[in-house]
Amino acid sequence: MRCVTGPAVFRLLDPYVGWDATEVTGVTGLGDPAGLRLDRSGGAAARQELLPWFPDPRLALPPCRPYYLLTGHGVRRLDPGSTAWRPMASPPVREPVAVAAAGHWLAVADRHGVRVWWRAGEHLVTHLSSPGAAILALTPGGGVYLAAREGTDLRYARPGAPTATVIRTGLPGTVEGLRTGPGHTLWLLLRTGGTLDTWRSADHGATWERADPTTLPASPLTATGDDGFSLDGIGAFTWDGAPTGSPVRAAPALLTEGGLDTAPIDSGISRCRWHRVGADATVPAGTAVTIAVAVTEDAATVPDPADWQQAPPGSRDFLVQQPPGRYLHLRLGLTGDGTATPEVRRIRLDFPRSTSAELLPPAYLSDRADPAAEDFTQRFLALFDTVIGGLDRVIERYPALLDPSGVPDRALPWLGGLLGLAFEAGWSTAVRRALLAAAPELYRRRGTPWAVREAVRIVHGVEPGLVEQGTTRSWVRLGADGALGGARLFGRSTARFRVGTSALSTAPLRSAGDPRQDPLTVDAYRFRVVLPAGAAGVDVAALERLVTAHAPAHTRGRVVPPGPGWVVGLHSAAGVDTVFTAPPPIVLGAATARLGGANVVAPSRAGRRIGVVVGEPAGEKSVAW
């Protein structure tokens, strides 16, 4: 349903069609389906993101507290469970530069050298006359690494050593962070130009490789600024250790302004009356999107600054109120607060103007003699056309929501609920899509062994075996009394143990049910799902829930976990240590006998079993008794 006349003509600006940009400043994502967004502000933002792993040199935040802070008046300490930094009487420092801590070790660098204390200032162990050290790192054994602000060479001193040895890293850039990690590893944060890289060495700085710093234990430091720093779960403090009344404002992670100008967009219609501009965008709090348009008849004409039409503040869908013209110029602006950015995924341009005013009776079109009145009528009715057009697009897209391969991931649970499928949290998106695609055939053959096996294959990726236990029962009924001639087969005494009639160890014990219904109840409507030997990683509990959901309601299934399998030839060699022979004769009363086979009435004391065949003379076989 549409309330407008004429063909629907529009032009899209997006990553797929293109943005037709001639000037871009401060934005990125021209080819990203996520949309246009403000660019990052550079090194300051990246450094803030790495603060949990490479804190400011004035802070020592080891995995286990206490924490240490260098101030202009000395060292302050924050104990576990406290939110107040208390001054330390020792160690005395002058013009401190950097601090590091590990276990009971504490190291401080000032303008004159580096000192390392045991038990946080009680005993001075190492004193290095090494001015210029700007960043420190301590090992759990009290060794100290030193780095300067220029270059990437390091120095290392063992506990108590009067001098430090030089470590030539051979890496480019300058040192922004230095720390030790698990496994006696050494980590460097280097700045090369405007890029930050993390390097790791496992052999005391002899060789280096790029590594992910998030594998290291993280500190609670979340932000630093000129006015102080913030510790997650503890509070915000000034660089003197005093608490602040408001969170510390971190360095902006994103640019605060950006935008683009498009080239003249050709409608192909001389003196075209452009209709509408709509933007598909996400605008978080603290951000804004501005759109301005101008129309010209000639592509070479540059719009005058006074000719631009600015969209109302906060509006992302507005009518073009410009004189007719073939070309439209669009200017897009993005603003933010440095911590968030708007995202513009698509802009749609509708032309030429076509509203439901064309469908009104002639009595309502008398205002066409007045251009202002006609323009008002068209703009007024365009409000309703926009709402109805939005509903039309929702209805048009509705069939796409039933396509398992094309529906968005967040809509899969909704589609599964529509089809009566309940997804478990651990199922991947691919599994959910495959199950939805197979739902018609699964429902058509629901309750059959094939449907159960197919559901298990889709969800868990294994081909199970399905054993219906009812078909494996040894029940035989011949005649009215279950007898064959003068011999009874599978009598009541062997179905379940009966006092006075059943021999010991010949019948199972059952305490419930009617003995006369045993042929119909034992193993009836029962089945087993047997997993192959290679399915050891399958979640058996989740598989049982899946089998229960797809099995017939009157049946009961049981999942048999995979075993080690059967291996032939691993420890035996046919003809070498293995002999193929007939099985030993069966002793009557101890197992199921076979008529016509070699059966032993009772075993001999010597352990020999020479069978007796019914209908044949015993002969010499009787000597085995």
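So, a charge sits over a ring if NZ of Lys or CZ of Arg is within 6 Å of the ring centre and within 35 degrees of the ring normal. Keep that in mind, and look at Arg331: its charged end sits over the ring of Trp308, 4.2 Å from the centre. There's another case at Arg445, whose charged end sits over the ring of Trp450, 4.0 Å from the ring centre. One caution before I go on: what you have on screen is a predicted model.

Okay, the overall picture. The protein has 625 residues, and 40% of them are buried. In secondary structure we have 8 helices and 38 strands. If you take contacts between residues at least 6 apart in sequence, 55% of those join residues at least 24 apart. The accessible surface is about 34,900 Å², and carbon and sulfur atoms account for 56% of that.

Let's go inside. In soluble globular proteins, nonpolar side chains tend to be buried together. Here, the largest nonpolar core holds 29 residues, and the members touching the most other members are Phe423, Trp427, Leu435, Leu531, Leu543 and Val547. Which elements give two or more residues to this core? They're α3 (412-418), α4 (429-444), α5 (449-460), β35 (526-530) and α8 (540-550). The largest share comes from α4, with 6 residues.

Zoom in on Leu435 for a second. Leaving out residues up to four places away in sequence, Leu435 touches Leu421, Phe423, Trp427, Leu442, Ile458 and Val459. And there's a second, separate core, with 27 residues, including Leu13, Ile265, Val293 and Ile347.

Now the aromatics. Searching the whole structure turns up 8 aromatic pairs. One of them is Phe229 with Phe237: the ring centres are 5.8 Å apart and the planes are at 35°, so we call that pair tilted. Both Phe229 and Phe237 are buried. Back in the largest core, Phe423 and Trp427 have ring centres 6.1 Å apart and planes at 55°, so that pair is tilted too. Phe423 and Trp427 are both buried as well. And Phe229 and Phe237 belong to one aromatic cluster together with Trp85 and Trp239.

Next, a polar residue: Gln322, in the loop between β29 (317-319) and β30 (327-335). Buried or exposed? Gln322 counts as buried, because its relative accessibility is 13% and the cut-off for buried is under 20%. So what does its side chain find in there? A polar atom of the Gln322 side chain lies 3.2 Å from the backbone nitrogen of Val295. There's also a polar atom of that side chain 3.2 Å from the backbone oxygen of Asp307. Not counting residues up to four places away in sequence, Gln322 touches Arg273, Val293, Ala294, Val295, Asp307, Trp308 and Gln309. You've met Trp308 already, as the ring under the charged end of Arg331.

Last topic, the backbone. Most residues other than glycine have a negative phi, and most peptide bonds are trans. The Phe351 to Pro352 bond is cis, with omega near -20°, and Pro352 is in the loop between β31 (343-350) and α2 (371-397). His184 isn't a glycine, but its phi is positive, near 60°. His184 is in the loop between β17 (174-181) and β18 (185-192), and is exposed, at 73% relative accessible area. Arg271 has a positive phi too, about 50°. Arg271 lies in the loop between β25 (265-266) and β26 (276-282), and is exposed, at 56%.

Technical notes. Residues are numbered from 1 along each chain as its sequence is written. This is a predicted model: local features need pLDDT of at least 70, side-chain atom pairs count only at pLDDT 80 or more; totals for chains, interfaces and linings use all residues. Side-chain values use heavy atoms; hydrogens and water are left out. A nonpolar core is a set of buried Ala, Val, Leu, Ile, Met, Phe, Trp, Tyr and Cys residues joined through side-chain atoms within 4.5 Å. Buried means under 20% relative accessible area, exposed over 50%, partly exposed in between (1.4 Å probe, protein chains only). Helices (H or I, at least four residues) and strands (E, at least two) are DSSP runs, numbered from the N terminus. Contact means heavy atoms within 4.5 Å. Accessible areas come from the Shrake-Rupley method with a 1.4 Å probe; for residues, only the protein chains shown count as cover. A polar contact is a pair of N or O atoms within 3.5 Å; within protein, one must be able to donate a hydrogen and the other to accept it, and residues adjacent in sequence count only if both atoms are side-chain atoms. Rings of Phe, Tyr and Trp (its six-membered ring) pair if their centres lie within 6.5 Å; planes under 30 degrees apart count as stacked, over 60 as edge-to-face and the rest as tilted.
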